[in-house]
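Here's a quick tour of a protein chain for anyone just getting started with structures. Take a look at the model first, then work through the points below.

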Amino acid sequence: IHQWCIMKNENIDWRDLFPILGSGDQQTQSVLESARVVTMSADQSVFRAGSPCENYVLLLEGSVRVQVIGENGREAVLYRVLPGQSCVLTTCCILSGDDYPAEGFTESPVRALVVTKRAFDGALESAPVFRRFVFGNLGGRIADVIARMEEVTFRPIERRLAAFLLSRTDDAGAIQATHQEIAVELGTAREVISRHLKRLESSGLVELGRSTVQVRRFGDLRRLADTSL
């Protein structure tokens, strides 16, 4: 992971976010207590496709977006890493020794615990609770990624777009996002999103503005998101 800056704040709250590790064996607690506390500002590269994985990271604050870029330059979000989680790609790469196959960016200021690869490898052998956490967390996160891929592959774009708009509305029913940003979130092309948004607008469900979408008929949009047709 690149561009991490060591924080001088020693008031680490990792036990609250990772209670299994906090109440684990002495070897596990020793590994976490000796880990670096680091921070990054928003909109920074955490890792890039082809870069080596040198650390195991537990997120304390903020959000990291992990995405892939296709040969045509199209971006698609795979998942996000949130407080209390670790990155599934980082775990896979540090276990296998492979380079990253995707890229990660901070979406907000981030604070995290960083365990070096050497400490990580040693903990897998000597710290039972740490080892169970790593593989248990990996299994759960892989299941999340598979569910995300199933949604992108099999769920109609109309339903996914409607669900996305409903999930991102503010108190006034507005979504602040460009068509390109929505396309990245839903794993499709900007032209596809623009076409479907115009259909929703012509049906009176939404009103389109400059980098905004205003929901006008929540009930109809919810029915579209929930329909099985």
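Let's begin with how the chain folds back on itself: of the contacts with a separation of 6 or more, 71% are between residues 24 or more positions apart. Keep in mind that what you're looking at is a predicted model. The chain runs to 229 residues, and buried ones make up 45% of them.

**The overall layout**

- You can count 10 helices and 11 strands along the chain.
- If you box in the C-alpha atoms along the principal axes, the box comes out at roughly 60 × 35 × 35 Å.

**Nonpolar cores**

- The largest nonpolar core has 43 residues, and the members that touch the most others are Tyr56, Val66, Tyr79 and Phe130.
- There's another core apart from that one, made of 22 residues, including Ile157, Ala162, Leu165 and Ile193.
- Which residues does valine 66 touch, leaving out those up to four places away in sequence? Its partners are Phe47, Ala76, Val77, Leu78, Tyr79, Val81, Cys87, Leu89, Ala102, Glu103 and Gly104.

**A buried glutamine**

- Glutamine 29 sits in helix 3, which covers residues 26-33.
- Is glutamine 29 buried or exposed? Its relative accessible area is 18%, and the cut-off for buried is under 20%, so glutamine 29 counts as buried.
- A polar atom of the glutamine 29 side chain lies 3.4 Å from the backbone oxygen of glycine 22.
- Glycine 22 also turns up among the residues that glutamine 29 touches, along with Arg15, Leu21, Ser23 and Gly24, once you set aside residues up to four places away in sequence.

**Helix 9 and its surroundings**

- Helix 9 spans residues 190-202, so to speak 13 residues in a row, and its first and last C-alpha atoms are 18 Å apart, close to the 18 Å expected at 1.5 Å a residue.- Its buried residues are Val192, Ile193, Ser194, His196, Leu197 and Leu200.
- What do the buried residues of helix 9 pack against? They meet helix 7 (157-168), helix 8 (179-186), strand 10 (206-209), strand 11 (212-215) and helix 10 (218-226).
- Ile193 therefore has two roles to spot: Ile193 is among the buried residues of helix 9, and Ile193 is a member of the 22-residue core, where buried means under 20% relative accessible area.
- Just after helix 9 comes glycine 204, with a positive phi of about 85°.

**Cysteines**

- How many disulfides does a search of the whole structure find? The count is zero.
- Cysteine 87 is in no disulfide, and the nearest cysteine sulfur, on cysteine 93, is 8.0 Å away.
- Cysteine 93 is in no disulfide either, with the sulfur of cysteine 53 as the nearest cysteine sulfur, 5.6 Å away.
- A disulfide needs two cysteine sulfur atoms within 2.5 Å, so the 8.0 Å gap from cysteine 87 and the 5.6 Å gap from cysteine 93 don't qualify.
- Cysteine 87 is buried at 7% relative accessible area, and cysteine 93 is buried at 5%.

**Salt bridges**

- The structure has 12 salt bridges.
- Arginine 80 and glutamate 185 meet through their side chains in one of them, at 2.4 Å from N to O.
- Why is that pair worth a look? Arginine 80 is in strand 6 (residues 75-81) and glutamate 185 is in helix 8, so the bridge ties together parts that are 105 residues apart in sequence.
- Arginine 80 is partly exposed at 21% relative accessibility, while glutamate 185 is buried at 12%.
- Both of these residues belong to a network of salt bridges that links Arg65, Arg80, Glu107, Arg168 and Glu185.
- Aspartate 144 and arginine 141 form a salt bridge too, with 3.4 Å from N to O. They are three residues apart in helix 6 (residues 128-154), so about one helical turn separates them.
- In that pair, aspartate 144 is partly exposed at 45%, whereas arginine 141 is buried at 8%.
- Aspartate 220 and arginine 217 make another salt bridge, and their closest N and O atoms are 2.4 Å apart.
- Aspartate 220 is partly exposed, with a relative accessible area of 23%, and arginine 217 is partly exposed as well, at 37%.

Technical notes
Residues numbered from 1 in each chain as written. Predicted model: local features only at pLDDT ≥ 70, side-chain atom pairs only at ≥ 80, totals over all residues. Heavy atoms only, no water. Core = buried A, V, L, I, M, F, W, Y, C linked by side-chain atoms within 4.5 Å. Buried < 20%, exposed > 50% of the residue type's maximum accessible area, 1.4 Å probe, protein only. Contact = heavy atoms within 4.5 Å. Helix = DSSP H or I, 4+ residues; strand = E, 2+ residues; numbered from the N terminus. Polar contact = N/O pair within 3.5 Å; in protein donor to acceptor, adjacent residues only side chain to side chain. Expected span 1.5 Å × (residues − 1). Salt bridge = Lys/Arg side-chain N within 4 Å of Asp/Glu carboxyl O.
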